[in-house]
Amino acid sequence: MKKIGVLTGGGDCPGLNAVIRAVSKSSLRKGYKVIGFKDGFKGFIENDFIEIDDKIVSGIIAKGGTILGTSNIANPFRYTLSPYGTPENPVDLTDRVKEIFELHELDCLITIGGDGTQNMAYKIHQLGLGVIGIPKTIDNDLASTDYTFGYDSALSVATDAVDRVHTTAESHDRVLIVETMGRYAGWIALRSAIAGGGDIVLIPEIEYKPEDIIAYLKKRRANGKLFSIIVVAEGAKEKGGEVTVTKVVKKSTDPIRLGGVSYKIADIVEKNTCFEARVVVLGHLQRGGTPTAFDRWLSTCFGAKAIDMFEEKKFGRMVAIKGQNFVDVELKDAVGVLKRVEKDSFEVKSAINIGMSFGNSEVG
Ligand code: F6P
């Protein structure tokens, strides 16, 4: 009997359960056995797993988070967790990876995760083991796929927040600043600002200039607009400046956690204009709760596609969506290259055309 392992790695996001469900249902129907490793690669290394049957994956399509748990720290090739390693002494557990494959006689491991997880998946593939990736992240920053699941749900939370701050900003004649996640890509900030009718959007791809933010706010005021909404991505930075770091997670492969840039923007506003500013940092709200219809659909098709790929022995590859088509791409091409907002893209131009500012007069 064929046996498939599945795990969710990296930060959680809406849609993970919908993928687990689709992977499991497609496999069980074919008579394959499915096991789910707990807490990403941590459970894989520790051989902590559950056998998945139809009952376990019933009724979970709309549930946020992941029934398997996840970890954005455990990396089998630089393991920092006890009893194997420490942050100071990370260890390479290549042999343990092979051992777990042998122990379970796994035909394939399905890795549901973002850039970090797919990087690990690629290394497992290089060991000659069967692995197929499914792209997840609210940041939508993975090259080789038009969309990652989780992004649409985060975008919808962010857009709702931008909508909601309008009335309070307007009532108090204030500048309301909404900070979104997204790491080094501005997809959540840009599209929620466009969809929510934001006035200024600050994204990592376009460095802002404080004087241009101030000039724009003053111009709005001169035009009778007594409130403004600024959407800022956590990775945004001043021209020639640095990103704002909120935390360094030593155990993590990617230790930098961004956050807090919105307070810098509030300071710029209050020190240079007559406006009062208030900040809303959306944080993990963007990763919680039920997935949107789009994410449920995308997750289901991604999961089913992975099992199709398994049957075609397309290992070392990742599921992707390109236009209307579900395709597969080489894992090695999918990792390490970030998909970021392009300054010259039509959506940036659209925002400028309707009068939005990127806080940089050289761009708009
Ligand atoms: O990659 C997803 C993401 O939510 C980023 O947008 C954010 O920068 C990061 O993860 C936060 O990580 P953590 O959950 O460790 O705080």
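**Note on a predicted model: helices, cores and a surface patch**

1. Just after helix 3, Glu 105 takes a positive phi of about 50°, and this is a convenient place to begin reading the structure, which is a predicted model.

2. Helix 3 itself covers residues 94-104, and its buried residues are Thr 94, Arg 96, Val 97, Ile 100, Phe 101 and His 104. These buried residues pack against several elements, among them strand 1 (3-8), strand 2 (33-37) and strand 4 (108-113), while the helices they pack against are helix 2 (41-45) and helix 4 (115-126). When looking at such a pattern, it helps to remember that an α-helix has 3.6 residues a turn, so residues three or four places apart point the same way.

3. The largest nonpolar core has 58 residues, and those with the most contacts inside it are Ile 110, Ile 112, Ile 134, Phe 149 and Val 201. Helix 5 (residues 151-172) gives the most to this core, contributing 8 residues. A second core, separate from that one, has 30 residues, including Ala 74, Leu 109, Val 329 and Ala 334. As background, nonpolar side chains in soluble globular proteins tend to be buried together.

4. Val 201 deserves a separate look: leaving out residues up to four places away in sequence, Val 201 touches Ala 189, Leu 190, Ala 193 and Val 231, and also Met 356, Ser 357, Phe 358 and Gly 359.

5. Is Ser 192, a residue of helix 6 (residues 187-196), buried or exposed? Ser 192 counts as buried because its relative accessibility is 0%, the cut-off for buried being under 20%. A polar atom of the Ser 192 side chain lies 2.8 Å from the backbone oxygen of Ile 188. Residues up to four places away in sequence aside, Ser 192 touches Leu 155, Ala 158, Thr 159, Val 162, Thr 180, Gly 197 and Val 231.

6. Ile 352 lies in helix 11 (residues 346-353), and with a relative accessible area of 29% this residue is partly exposed. Beyond its neighbours within four places in sequence, Ile 352 is in contact with Phe 358, Val 363 and Gly 364. The C-alpha atoms of Ile 352 and Ile 200 are 9.9 Å apart in space, although the two residues are 152 residues apart in sequence.

7. On the surface, Val 245, Val 248 and Ile 256 make a nonpolar patch of about 230 Å². Val 245 is found in strand 9 (residues 245-248), and it counts as partly exposed because its relative accessible area is 40%, which falls between the cut-offs of 20% and 50%.

Note on methods
Residues are numbered from 1 along each chain as its sequence is written. This is a predicted model: local features need pLDDT of at least 70, side-chain atom pairs count only at pLDDT 80 or more; totals for chains, interfaces and linings use all residues. Side-chain values use heavy atoms; hydrogens and water are left out. Buried means under 20% relative accessible area, exposed over 50%, partly exposed in between (1.4 Å probe, protein chains only). A polar contact is a pair of N or O atoms within 3.5 Å; within protein, one must be able to donate a hydrogen and the other to accept it, and residues adjacent in sequence count only if both atoms are side-chain atoms. Contact means heavy atoms within 4.5 Å. Patches are made of residues with over 30% relative accessible area and no salt bridge: like charges are joined within 9 Å, nonpolar side chains (Val, Leu, Ile, Met, Phe, Trp, Tyr) within 5 Å. Accessible areas come from the Shrake-Rupley method with a 1.4 Å probe; for residues, only the protein chains shown count as cover. A salt bridge is a side-chain nitrogen of Lys or Arg within 4 Å of a carboxyl oxygen of Asp or Glu. Helices (H or I, at least four residues) and strands (E, at least two) are DSSP runs, numbered from the N terminus. A nonpolar core is a set of buried Ala, Val, Leu, Ile, Met, Phe, Trp, Tyr and Cys residues joined through side-chain atoms within 4.5 Å.
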